[in-house]
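Ready to find your way around a new fold? Grab the viewer and work through these exercises at your own pace.

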Amino acid sequence: MNNYPEIHHLKNNPSLEGMAFLKSGIVYSKESGEEQTLDLLLPWSAREPELTSGRYPLLVFVQGSVWTTPDRENEIPQLSAYAREGFAVATVGHRNYQEGHPFPAYLQDVKCAIRYLRKNADQYCIDPGRVVIWGTSSGGNTALLVGLTAGDPRYETMEYADYSDAVSAVVSCFGPTDMRDIINEYSEDPTMPAMLGGLYGPDQEKWQERICEMSPICHVQKDRTYPPFLLLHGDADPVVNFSEMVKLYHCLLDCGASVEAYQIEGGEHEGNFWSQEVRAVIREFLKRIII
């Protein structure tokens, strides 16, 4: 008789817990004449609805791109962790100001994506009552504006008009909060005139109004109710000054909003900003707010 080693036993995973899959290139808008798309990471159990006892909270992510074309794939390796933990995670593209789409095109698109996902909540097993917006850099600016302008007709399109673009919470990582400061800081940059014309259109008389509209800090009002905010920013950021976060943090607190802020010591713009500790802070905030 052969003396073979014993075969090891492992239990199966009937609920598919801890597994995720990717649906890429989902078209959420055609209204501008261009298709706008998103990628969606879902817990694996969404493939088999009989295994899904409830709906997943939705995390909408906007990658920084200087308001051009977000690289939707950039954060998928990190975002997949949230899908494995039970979130539906959308990483969203939007129109590019360099291609003739000035503000508020990018904001309108991201709000449209939120409405699209709410409309299709049944298809994707999403809980439409638990939606978080998260962005980095220009995507952080977008996330803040989404959280501060829920239902504002200036920033809405006709697609999925019966659905809300409001969110349950906002996470911003090193996002610009006052475009007036950004423009002053980069006033000597030779690319700034072209950027201003692209972002705000050819009519310079409207620039000041548009610059303020694009600044989250200009939208904060004392008589409004806002979702909770989580702000994170590196104090060595060479692109968006750390003071941008501090100003908005104080402004939100003065208006009675719920807001938490984290200073990343020596943190730059992307790169060494990210750590397991930063990810843990974001994860715990999300779980505390919407799970």
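Below are four exercises on this predicted model, each with a worked solution.

**Exercise 1: Overall build**

Count the helices and strands, then work out how the protein's radius of gyration sits against the globule rule.

*Solution.* Start with the count: you should get nine helices and eight strands. Next, take the radius of gyration, which is 20 Å. For 291 residues the globule rule gives 19 Å, and the two values are close, so the protein is as compact as a globular protein of that length. Finally, draw a box along the principal axes: the C-alpha atoms fill roughly 90 × 45 × 40 Å.

**Exercise 2: The sheet**

Put the strands of the eight-stranded sheet in order, and find which ones stand at the edges.

*Solution.* Walk across the sheet from one side and you'll read β1-β2-β4-β3-β5-β6-β7-β8. The sheet is open, and its pairing is mixed. Now look at the two ends of that order: β1 (20-29) and β8 (259-264) each have a single partner strand, so one side of each has no neighbour in the sheet. As you step from one strand to the next, the twist averages 20°.

**Exercise 3: Zooming in on β3 and β5**

How many bridges join β3 to β5, and which helix packs on the sheet touching both strands?

*Solution.* First find β3 at residues 56-62 and β5 at residues 126-136; they run parallel, joined by six bridges. For a landmark, pick Phe61, which stands opposite Trp134 in β5. Then look for the helix: α4 (residues 138-148) packs on the sheet and touches β3, β5, β6 (169-173) and β7 (229-234). Compare directions last: α4 makes about 140° with β5.

**Exercise 4: Empty space**

Describe the largest cavity and the largest pocket: what volume does each have, and which residues line them?

*Solution.* Begin with the cavity. Searching the whole structure for cavities of 30 Å³ or more turns up one, and the largest cavity has a volume of about 50 Å³. Its lining includes Leu144, Phe174, Leu231, His233 and Met245. Both β7 and α8 (243-254) supply at least two residues each to this lining. Sorted by class, the cavity lining has six nonpolar, four polar and one charged.

Now move to the pocket. The largest one holds about 250 Å³ of space. It is lined by 16 residues, and those closest to its centre are Val66, Trp67, Tyr186, Met195 and Val239. By class, the pocket lining splits into nine nonpolar, six polar and one charged.

Notes: Residues numbered from 1 in each chain as written. Predicted model: local features only at pLDDT ≥ 70, side-chain atom pairs only at ≥ 80, totals over all residues. Heavy atoms only, no water. Pairing = 2+ DSSP bridges. Helix = DSSP H or I, 4+ residues; strand = E, 2+ residues; numbered from the N terminus. Axes fitted to C-alpha atoms, helices over the stretch in contact; angles between N-to-C directions. Contact = heavy atoms within 4.5 Å. 1 Å grid on protein atoms, 1.4 Å probe; cavity = no way out; pocket = protein on both sides within 12 Å on 5 of 7 lines; lining within 4 Å. Points joined across faces, edges and corners; volume = space filled by probe spheres on them. Nonpolar A, V, L, I, M, F, W, Y, C, P; charged D, E, K, R; others polar. Rg over C-alpha atoms; globule rule 2.2 N^0.38 Å.
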